[in-house]
Amino acid sequence: MSITSALVLYAVIWALVFYMVSPFGQTTQREAGEVVPGTPESAPVEQRLRRKALITTGIACVAFVLVYAVVEFRLLTLEQLSWITPPSLQDGAE
C-alpha cells in the first residue's frame with residue numbers, strides 16, 4: 001500500500017469514526033433547560049470537539065492498523081469471502 005493510499009484510508013476511517021463518536025455525551029439545550037433564543041432546542045450546550053477528536057484519533061489508529069494488516073499481509077482474501085457472493089456468481093455464470 002502506498003503512502004497516499006494509507007493516508008486516504010486513514011482519513012476515511014477517521015471521518016467515519018468521528019461521525020459515529022460525535023453524538024456521544026451531548027446534552028441538548030432542552031435537557032439543560034437553557035435554550036438560547038434563536039437556536040433550536042436540540043442544539044448542544046457544549047460540543048467538546050477536542051475531546052471527541054482525541055477519542056476519534058485513538059479509535060481510528062487502532063482500526064487503521066487492523067485494516068492495514070489485513071491488506072498488507074493478505075490476512076483475508078476474496079476467496080475466503082466467497083460465502084458473501086451469491087451462488088449464481090460463484091460458478092462463473094453471469
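1. Where does Arg-48 lie? In this predicted model, Arg-48 sits in the loop that runs between helix H2 (29-32) and H3. The phi angle of Arg-48 is near 55°, which is a positive value in a residue other than glycine. With a relative accessibility of 38%, Arg-48 counts as partly exposed, because the partly exposed class covers what falls between the 20% and 50% cut-offs.

2. A second arginine also deserves a check of its backbone. Arg-74 is not a glycine either, yet has a positive phi of about 50°. Arg-74 belongs to the loop between H3 and helix H4 (87-90). Its relative accessible area is 66%, so Arg-74 is exposed, the cut-off for that class being over 50%.

3. On the overall fold: the protein contains 4 helices and 0 strands. Read from the N terminus, the order of elements is α-α-α-α. Helix H1 spans 3-21, H2 spans 29-32, H3 covers residues 49-72 and H4 spans 87-90.

4. The largest nonpolar core has 6 residues in all: Ala-6, Ile-13, Val-17, Val-21, Ala-60 and Phe-64. Helices H1 and H3 each supply at least two residues of this core. H1 gives the largest share, 4 residues. In soluble globular proteins, nonpolar side chains tend to be buried together.

5. Which residues does Ala-60 touch, leaving aside its neighbours within four places in sequence? The contacts of Ala-60 are Tyr-10, Ile-13 and Trp-14. Of these partners, Ile-13 is listed with Ala-60 in the largest nonpolar core.

6. A nonpolar patch lies on the surface, formed by Met-1, Val-67, Val-70, Val-71, Phe-73, Leu-75 and Leu-76. Together these residues have about 610 Å² of accessible area. One of them, Val-67, is found in helix H3. Val-67 is partly exposed, as its relative accessible area is 32%. That value clears the patch cut-off of over 30%, which is why Val-67 can be part of the patch.

7. Totals for the chain follow. Buried residues account for 12% of the 94 residues in the protein. The accessible surface comes to about 7500 Å², and carbon and sulfur atoms hold 66% of that surface. Among contacts between residues at least 6 apart in sequence, 53% join residues at least 24 apart.

Definitions and conventions: Residues numbered from 1 in each chain as written. Predicted model: local features only at pLDDT ≥ 70, side-chain atom pairs only at ≥ 80, totals over all residues. Heavy atoms only, no water. Buried < 20%, exposed > 50% of the residue type's maximum accessible area, 1.4 Å probe, protein only. Contact = heavy atoms within 4.5 Å. Areas by Shrake-Rupley, 256 points an atom, 1.4 Å probe, with all protein chains shown as cover. Patch = residues over 30% accessible without salt bridge, like charges linked within 9 Å, V, L, I, M, F, W, Y side chains within 5 Å. Salt bridge = Lys/Arg side-chain N within 4 Å of Asp/Glu carboxyl O. Core = buried A, V, L, I, M, F, W, Y, C linked by side-chain atoms within 4.5 Å.
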